[in-house]
Amino acid sequence: MVVGGLHRAAWVVLGLAGLMQLLAVPVAAMPAEDLREARAHWLAEDTIAWRPAVEGAVRLHFSLDAPLEPALIGNETVELRAKGIISGDLLDKYPHLAGTPVFQIPRPALELIPAILRGHFVVSAVGPHGGLLDATALQPAGVLDDLYAHDGDLGVVFENGVPSLRVWAPTARAVRLLLFDDSGPGGEPVQSLPMQRGPATGTWSIEGRADWDRKFYLYEVEVFVRRTGRFELNRVTDPYSHGLATDSRRSQIVDLSDEDLLPANWQVVKKPALDAHEDIVLYELHVRDFSIDDALVPPRQRGTFAAFSLDDSHGLRHLDALAASGLTHVHLLPAFDCATIPEDPASRLSPPALGGFASDSPRPQEEIGKVRARDAFNWCYDPFHYTVPEGSYATDPDGVTRIREFRGMVTALNARGLRVVMDVVYNHTPASGQAVTSVLDRIVPDYYQRLDAQGRVETSTCCANTASENAMMEKLMLDSLLTWARHYRIDGFRFDLMGHHSRGNIEKARDALQALSLEQDGVDGRAICLYGEGWNFGEVADDARFVQASQARMGMGSGVGTFNDRLRDAVRGGAHDDRGLEHVRSQGFANGLYTDPNRENEGGDEERLELLQLTDLVRAGLAGSLRDYRFINHRGLEVAASEIDYHGQGAAYASDPQEVINYVAAHDNETLFDINQYKLPLSTSMDDRVRAVNLANSIVALAQGVPFFHAGQDMLRSKSLDRNSYDSGDWFNQLDFSYRDNGWPRGLPPAWDNEANWLQAGPLLARPELAPAPRHIRAAVTHLREVLKIRKSSPLFRLRDAAAIRLALRFHNTGPEQLAGLIVMSLEDERHGRFVVLFNTSPQAQTFPFPHTRGYELHPVQQASADPVVRTARHDPRASVFEVPGRTTAVFISRTLPGSAFP
C-alpha cells in the first residue's frame, strides 16, 4: 500500500478516492544502512526482488524533489506484498537471483512509477512495531526495460536536411540541448533548449533547423545519482554521437550521407570477392603501428588512417604481397573514439630518445612510464564513443576529418584486395559514475553498467563492465554495428571479451548484419564475418546471468568464430598467464618439448608423454576443432576430438570450421618470436629460431577453420618480451615493414606488467646472438606468403563444413608408438586430389613410412621455395616413405585418384 505524505503528483494520478484508501504506517526514526548500496532489484513494473538482512514488512520509499533522509522519515511510501521466491520468466531472465524473495507493488501505486523512477527510491524492511530493520537502494534496469525499452532512432537523424535529436533518459527530471558554434574547449552554449519528454519511450527529443548542421552540442541531464546521493546536473556528450570535437569535448551534428564526407572513389570501389567464410585469412594490425615508423609515409600522415590511402609505403607493399598470396582481411585493433589517447598533438608527451641504452637496460621502460598516460600510443580498448572514429588517428581530430579519412582507409584497402575487420569493445566503458569519461552512466545511472549484488559496477573485463543483457545497451551495440557496416562499409567485427555478452546479443548482431543488402544498404551482409573472444570467466562465467557467447555456446551452429586457445597453447606451450620460470619450463609442440629440451627440461618419458598429449591438441585444431571429428589418440584409442582433454574441458567445441579462429599469437601476451626466445634452448641458432616460427605459422595457415596472424608475426616481430604492450609506447610496439629491425632487443619490458619475468628476460636480452639479421626477417616474411599460397591453392585446406572435413581429412603416425614431434595429415577428394602434409617439430629430419603411397611430389610452391631446406623434403615411391627435414612443414601433392590411398 502507499503510505506517508504523498507528493502532490500522486493526487493527480490516484485521485482523492484512491488516496483515502491508503493506510499510513509510521516508521521508527532510526538510521538506515548506507542507501548508496543497491542490494534490491526492481525487475518489472510491479515486481521487486530483495533478500533483506532481517525479515520484515517491505516498503518502497521515494522522494521526487530531494534525496531521501537516511532515517526514511516523512517520505512517500508504498507497502509491498510478499509473493514468494523468484520463478517463471523472471527467473529465466535473472538466473543469478535464484532463491531471492520477490515483492509486488500494489496496483493503485503503478501509475506513480514513472514519477518515482525520476526521483530517489529505496526499499526498507520494518519490524512489527515499525522499527527499521534494513534498507537499500534498488537496481532499476529491469523496470526500465519493462516500461521504456525503445526501438526507434536515437542520436541525430536528418530528414530533408533538418536534424532532430533524441536521447534515451527515462530517469531524468529534465534534459536540455546545449548548442555550440564551435568545438571548444571554452565558451558557453549559444543556445540552451529544453527537450521534450516522450512519456511512453523514456526519450527526450527536439527538432532542429537546417543551419544546425555541423554545430556542436551537449546534453544537460538532471538526474538522481545513487552513488553521490543527490540530483546531479550533468553536461554530457551523446552516446549515439557520429561526430566529435577534439578529445571528445562535444558531440557534433553530422549527416553521414553528406557528399563531402565520402572519399572520391567511395561509389566506385567494389568489395574483394569472398566465396565463403572459410576462405578468410586475418591479419591483426594497429592503426598507429602500421605507419608511425615508415619513412615512406609523409610525417603528417604517420600513425593515421590516411597512411592507408597512400599510393606507396613499406607497409602497403607488405600488405599487397600478403593479399597476392591469400590474405583476405585486415583486422584493425580498436579504431573508435577511445578515452586514453590525447587527440591534440600539442597536449601529448613523448619520451626522450631511447636508443642509447644497453639491450637489457630498465631505462627505456622507465622513461616511457613517465609519459605513458599522455603519449600518443594505446591499444584503444577503452571506448569513449562507440560509433565515431578515433581522433588521434586523423590528421585533424576536430570535426569530420576523422570520418572522411576512416572511410578512405576502408576504400583504399578494398581497392588493394583486402576487406576490413574492426575490433569492437562493447563489453566495458573506460569509467562509470560521474567520471569525465563516463557517458552512459551520467545519463541513465545504474542502467548501462553491470552491477554486483551490492550495486557496485563489475570490473572483471578490466574496467567498468557494461550490461548488454539490458535492452538499451544491446540496442546501442546493435545500432553501432549497423552504422559501421552501412556508413563505413566494415566487413567484419571482432568482439572483445565476447563471452561477457550473451549468445542472444551476438546472434541478434549476426542476423541484423546479415540482413543488410546491396540494394537497400549498399552492403552485402552475408559476407560480414563475426568472431570474438569466447572466454568464460568473471561474474557471467558458466552462464551465471545468461547463456554466454562463449566458445562452447557459439560452437553450436552459430556461424560466429571464437579464438582457439587450445591450438595456441599446444603450439606455444604453457598458458597465457605464465610467469617467470614457467615461461621456460613449458615448452610446446613447436619449440622443442621433448625433441629439443631446454635447460629446464630433461627430454625424458614424462616430456614425451606431454608432447604426445599436446600433439593430439594440435591434431584437433588442424581438424577445425570439430567436436565430433574422430581420430586415434596418443593412447591408441579412437576418440572424438571433444574427448581430448584441455585443462578439464573438451579440446574441440565447434560444429563448423568457420566457428574457429586459429592462432598462435595476437596483440595480447608475448609475440611468437618472443615466447620462443624463452622456450628454445639457448644454443638454438637464429636459422632454427626462424624455422620454429615458420612451423607454428604453417600450422595456423594449413588448419581447417579461419587463420589469424598478428601483424609482424611473419616478420619475427618482437616487443622485447613485453607481454602486454597496450600502453608501452611506440618504442616497444615497433613494426618495421622495411625488414631491417624486428624490435629485439629494446631494453627490459615495462615493469608494470613484466617485472615478474625480468630475472629470465634480462639475460636473454643481453645476448647479441639472439637478435635476427634482416635476412632472417625476410626468410620468415617469405615463408608465410608461401604457406598462404598453398592454402589458397586448394579448397581442401579450407573445407566449408564438418561433413567435408570428416570425409577428407585423416591423421597418420598416431597412437603410443608414433614418431614424436611429427604430425602427418592427409587430405583428399575426387575433385581436388590428394595431399600429405608433414609437420616436423624435431630439429632432426624424420622419415615416415606410408604404405601404398605413390605419385607424390613436393607442392609446386615449395619446389620453388626460397627456403633451400624444405626443397630437400622428398617422397620415395619405391620405399613408400616421406622424408622431411627438421623444423619443417612439407606439403606433398598427388593428383592420381584410382581409389583412396589412405587407410
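Buried means under 20% relative accessible area, and exposed means over 50%. Partly exposed covers the range in between. The exercises below use this scale on a predicted model.

**Exercise 1. Classify the disulfide cysteines**

Task: Find how many disulfides there are, and work out which parts of the chain the link of cysteine 338 and cysteine 380 ties together.

Solution.
- Step 1. Take the count. Sulfur atoms of two cysteines must lie within 2.5 Å. By this rule there are two disulfides.
- Step 2. Check the pair. Cysteine 338 is joined to cysteine 380, with S to S at 2.1 Å.
- Step 3. Place both ends. Cysteine 338 sits in strand β21 (residues 336–338), and cysteine 380 sits in the loop between α7 (363–371) and β22 (383–389), so the link ties together parts 42 residues apart in sequence.
- Step 4. Classify each end. Cysteine 380 has a relative accessible area of 0%, so it is buried. Cysteine 338 has 3%, so it is buried too.
- Step 5. Read the handedness. The angle about the S-S bond is -95 degrees, and the link of cysteine 338 and cysteine 380 is left-handed.

**Exercise 2. Work through the other pair**

Task: Describe the link of cysteine 462 and cysteine 463, and decide whether cysteine 462 is buried, partly exposed or exposed.

Solution.
- Step 1. Cysteine 462 is joined to cysteine 463, with S to S at 2.4 Å.
- Step 2. The link of cysteine 462 and cysteine 463 is left-handed, with -95 degrees about the S-S bond.
- Step 3. Cysteine 462 has 48% relative accessibility, so it counts as partly exposed.
- Step 4. Number the bonded cysteines in sequence order. The pairing reads 1-2, 3-4.

**Exercise 3. Compare two threonines**

Task: For threonine 411 and threonine 671, give the element, the burial and the contacts.

Solution.
- Step 1. Start with threonine 411. This residue lies in helix α8 (residues 401–415). Its relative accessibility is 5%, so it counts as buried.
- Step 2. Look for a polar partner. A polar atom of the threonine 411 side chain lies 2.9 Å from the backbone oxygen of arginine 407.
- Step 3. List the contacts of threonine 411, leaving aside neighbours within four places in sequence. They are Pro263, Asn265, Trp266 and Val269.
- Step 4. Turn to threonine 671. This residue is in the loop between β33 (660–662) and α16 (672–679). Its relative accessibility is 2%, so it also counts as buried.
- Step 5. List the contacts of threonine 671, not counting residues up to four places away in sequence. They are Arg572, His710, Arg717, Ser718 and Lys719.
- Step 6. Add one distance. The C-alpha atoms of threonine 671 and alanine 307 are separated by 25 Å, and the two residues are 364 apart along the chain.

**Exercise 4. Survey the nonpolar cores**

Task: Identify which residues touch the most other members of the largest nonpolar core, and which helix gives the largest share.

Solution.
- Step 1. The largest nonpolar core has 204 residues. Trp42, Leu60, Phe493 and Phe495 touch the most other members.
- Step 2. Helix α9 (residues 471–488) gives the largest share of this core, 10 residues.
- Step 3. Another core of 15 residues lies apart from it. Among its members are Leu274, Leu282, Trp535 and Val706.
- Step 4. Recall the general trend. In soluble globular proteins, nonpolar side chains tend to be buried together.

**Exercise 5. Test how well two elements are covered**

Task: Count the buried residues in helix α4 and in strand β42, then name the strands that pair with β42.

Solution.
- Step 1. In helix α4 (residues 141–148), six of eight residues are buried. They are Ala141, Gly142, Val143, Leu144, Asp145 and Tyr148.
- Step 2. In strand β42 (residues 888–894), seven of seven residues are buried.
- Step 3. Split β42 by face. One side holds Thr888, Ala890, Phe892 and Ser894, and the other holds Thr889, Val891 and Ile893.
- Step 4. Find the partners. Strand β37 (residues 833–840) pairs with β42 in the antiparallel sense over seven bridges. Here phenylalanine 839 stands opposite threonine 889.
- Step 5. Strand β39 (residues 857–858) also pairs with β42 in the antiparallel sense, over two bridges. Here glutamate 857 stands opposite isoleucine 893.

**Exercise 6. Order a sheet**

Task: Give the strand order of the open sheet that holds β38, β40 and β41, and name its edge strands.

Solution.
- Step 1. The order is β38-β41-β40, with antiparallel pairing.
- Step 2. The edge strands, each pairing on one side only, are β38 (846–849) and β40 (874–876).
- Step 3. From one strand to the next, the twist averages 20 degrees.
- Step 4. β40 and β41 (residues 881–884) pair over three bridges. Arginine 874 stands opposite glutamate 883 in β41.

How values were computed. Residues numbered from 1 in each chain as written. Predicted model: local features only at pLDDT ≥ 70, side-chain atom pairs only at ≥ 80, totals over all residues. Heavy atoms only, no water. Buried < 20%, exposed > 50% of the residue type's maximum accessible area, 1.4 Å probe, protein only. Helix = DSSP H or I, 4+ residues; strand = E, 2+ residues; numbered from the N terminus. Polar contact = N/O pair within 3.5 Å; in protein donor to acceptor, adjacent residues only side chain to side chain. Contact = heavy atoms within 4.5 Å. Core = buried A, V, L, I, M, F, W, Y, C linked by side-chain atoms within 4.5 Å. Pairing = 2+ DSSP bridges. Axes fitted to C-alpha atoms, helices over the stretch in contact; angles between N-to-C directions.
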